[in-house]
Amino acid sequence: MLKLKKTAIAVLALGSSAVFAGTMGPVCAPGNVTVPCERTAWDFGAQALYLQPSVNGLGYAGSTQVGTVATYNEHAYRWGWGFMIEGSYHFNTGNDLNLNWYHWNRSATITPGAGFSNSTAVTSYFPDVALQAKPKWDAVNLEFGQHVDFGDARFVRFHGGAQYARINTRRALAAGGYTTAAGVSTPGAVAIERNLTYNGFGPRVGADLVYGFGNGLGIYAKAASALLVGSQGFNGAFSTAVLNPNVHTYASGSRTQIVPEVESKLGAQYTYSMAQGDLSLDAGWMWLNYFNAAHQGAGFGAESRADFGLQGPFIGLKWIGNVA
């Protein structure tokens, strides 16, 4: 029995010493980080965009009054179609020079609900309210890119360049109703038109991450950011037939403004190789936002600033052809 205990202790001692001595586990060898072979090619592509805008910071599109409870309505801008077209020149070992243009605009009439205001002496009620919104966005990007391979299935395209952007948000509000003062109701109407614009130019950087599954299939995540400096302006008119039937108030202003911009895309792509080049189909969802891009002066109440953003799906087609 004593010999058995000594044998067990010896086995445990040998095992523990092996543990403390340690042995090399699985060795992870890092993958190669390479650039593609030298190549000269052209590509041309286009995307269809279906996006919804948001203009945050300019208050609400009227309110609906039920008893003593007021419910404020957001600026529910409508979805609209746009496009992106691009062209690139590929050269050296994974370099490219890309020029692309995004364009989107939407014109829609929104019925936000009845407007109601109440002061000590005057009560105004406007059951007939219509808001016409015409947001518009254009962006032109010039990018210099570098393609880097991380193994066989992953690659990243780093890029830097410049962006020019133009943003316009025009809103026209018309309301009909009546105003009650000292027990007397007077029919009236209110009309407000505001036109907010921004034109900016500045540097832009980003990265496109792609993971391939083989057979031409892949998924990607893309992100970019820009810092723009440019002219920010507003103009418009205000009139009310209740207080001053023939008097219109006009206001306008302009200033220099720095506007940061961020954007991202998530999507999937399929590439089909042909004798004369490659044809790629991709689809996904995009988001972008320009911070403090819209400015409304104090001519229409309190001074305010607003972001301008877009989000929604897209689908596109690109052809890449080699140059002999």
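Leaving aside neighbours within four places in sequence, Asn100 is in contact with Met84, Ile85, Glu86, Ala139, Val140, Asn141 and Glu143. The model is a predicted one, and this report moves from the surroundings of Asn100 to the adjoining strands, the nonpolar core and the aromatic pairs.

**Asn100 and its polar contacts**

Asn100 is found in strand β6. The residue has a relative accessible area of 5%, which is under the 20% limit, and Asn100 therefore counts as buried. Its side chain makes a polar contact with the side chain of Asn98 at 2.7 Å. A further polar contact, at 2.9 Å, joins the side chain of Asn100 to that of Asn141. Asn141 is also among the residues that Tyr102 touches.

**Strands β5 and β6**

Strand β5 comprises residues 80–91, and strand β6 comprises residues 95–105. The two strands run antiparallel and are joined by 10 bridges. Within this pairing, Phe83 of β5 has His103 as its bridge partner in β6. The hairpin formed by β5 and β6 has 3 residues between the strands, and Asn92 in this hairpin takes a positive phi near 55°.

In a regular strand the side chains alternate between the two faces of the sheet. In β5, the covered face consists of Gly80, Gly82, Met84, Glu86, Ser88 and His90. The uncovered face of β5 carries Trp81, Phe83, Ile85, Gly87, Tyr89 and Phe91.

**The largest nonpolar core**

Which residues touch the most other members of the largest nonpolar core? They are Tyr102, Trp137, Met286, Tyr290, Phe308 and Leu310, in a core of 29 residues. Strand β14 (residues 277–296) gives the most to this core, with 5 residues. Not counting residues up to four places away in sequence, Tyr102 touches Leu49, Phe83, Met84, Trp137, Asp138, Ala139, Asn141, Lys265 and Met286. In soluble globular proteins, nonpolar side chains tend to be buried together.

**Aromatic pairs**

The protein has 9 aromatic pairs. Two that share Tyr50 are set out below.

| Pair | Arrangement | Centre to centre | Angle between planes |
|---|---|---|---|
| Tyr50 and Trp79 | stacked | 5.5 Å | 20° |
| Tyr50 and Trp81 | tilted | 4.8 Å | 45° |

The pair of Tyr50 and Trp79 links distant parts of the chain: Tyr50 lies in strand β2 (residues 41–56), Trp79 in the loop between β4 (69–72) and β5, and they are 29 residues apart. Trp81 lies in strand β5, so its pair with Tyr50 of strand β2 ties together parts that are 31 residues apart in sequence.

Are these three rings buried or exposed? Tyr50 is partly exposed, with a relative accessible area of 31%. Trp79 is likewise partly exposed, at 29%. Trp81 has a relative accessibility of 58%, which is over the 50% limit, and this residue therefore counts as exposed. Elsewhere, ring pairs link Trp42, Tyr89, Phe91 and Phe144 into a cluster. Of these residues, Tyr89 and Phe91 belong to the uncovered face of β5.

**The protein as a whole**

The protein has 1 helix and 15 strands. Of its 324 residues, 38% count as buried. Among contacts with a separation of 6 or more, residues 24 or more positions apart account for 71%. The protein exposes about 18100 Å², of which carbon and sulfur atoms supply 63%.

Conventions:
Residues are numbered from 1 along each chain as its sequence is written. This is a predicted model: local features need pLDDT of at least 70, side-chain atom pairs count only at pLDDT 80 or more; totals for chains, interfaces and linings use all residues. Side-chain values use heavy atoms; hydrogens and water are left out. A nonpolar core is a set of buried Ala, Val, Leu, Ile, Met, Phe, Trp, Tyr and Cys residues joined through side-chain atoms within 4.5 Å. Buried means under 20% relative accessible area, exposed over 50%, partly exposed in between (1.4 Å probe, protein chains only). Helices (H or I, at least four residues) and strands (E, at least two) are DSSP runs, numbered from the N terminus. Contact means heavy atoms within 4.5 Å. Two strands pair if DSSP finds at least two bridges between them. A polar contact is a pair of N or O atoms within 3.5 Å; within protein, one must be able to donate a hydrogen and the other to accept it, and residues adjacent in sequence count only if both atoms are side-chain atoms. Accessible areas come from the Shrake-Rupley method with a 1.4 Å probe; for residues, only the protein chains shown count as cover. Rings of Phe, Tyr and Trp (its six-membered ring) pair if their centres lie within 6.5 Å; planes under 30 degrees apart count as stacked, over 60 as edge-to-face and the rest as tilted.
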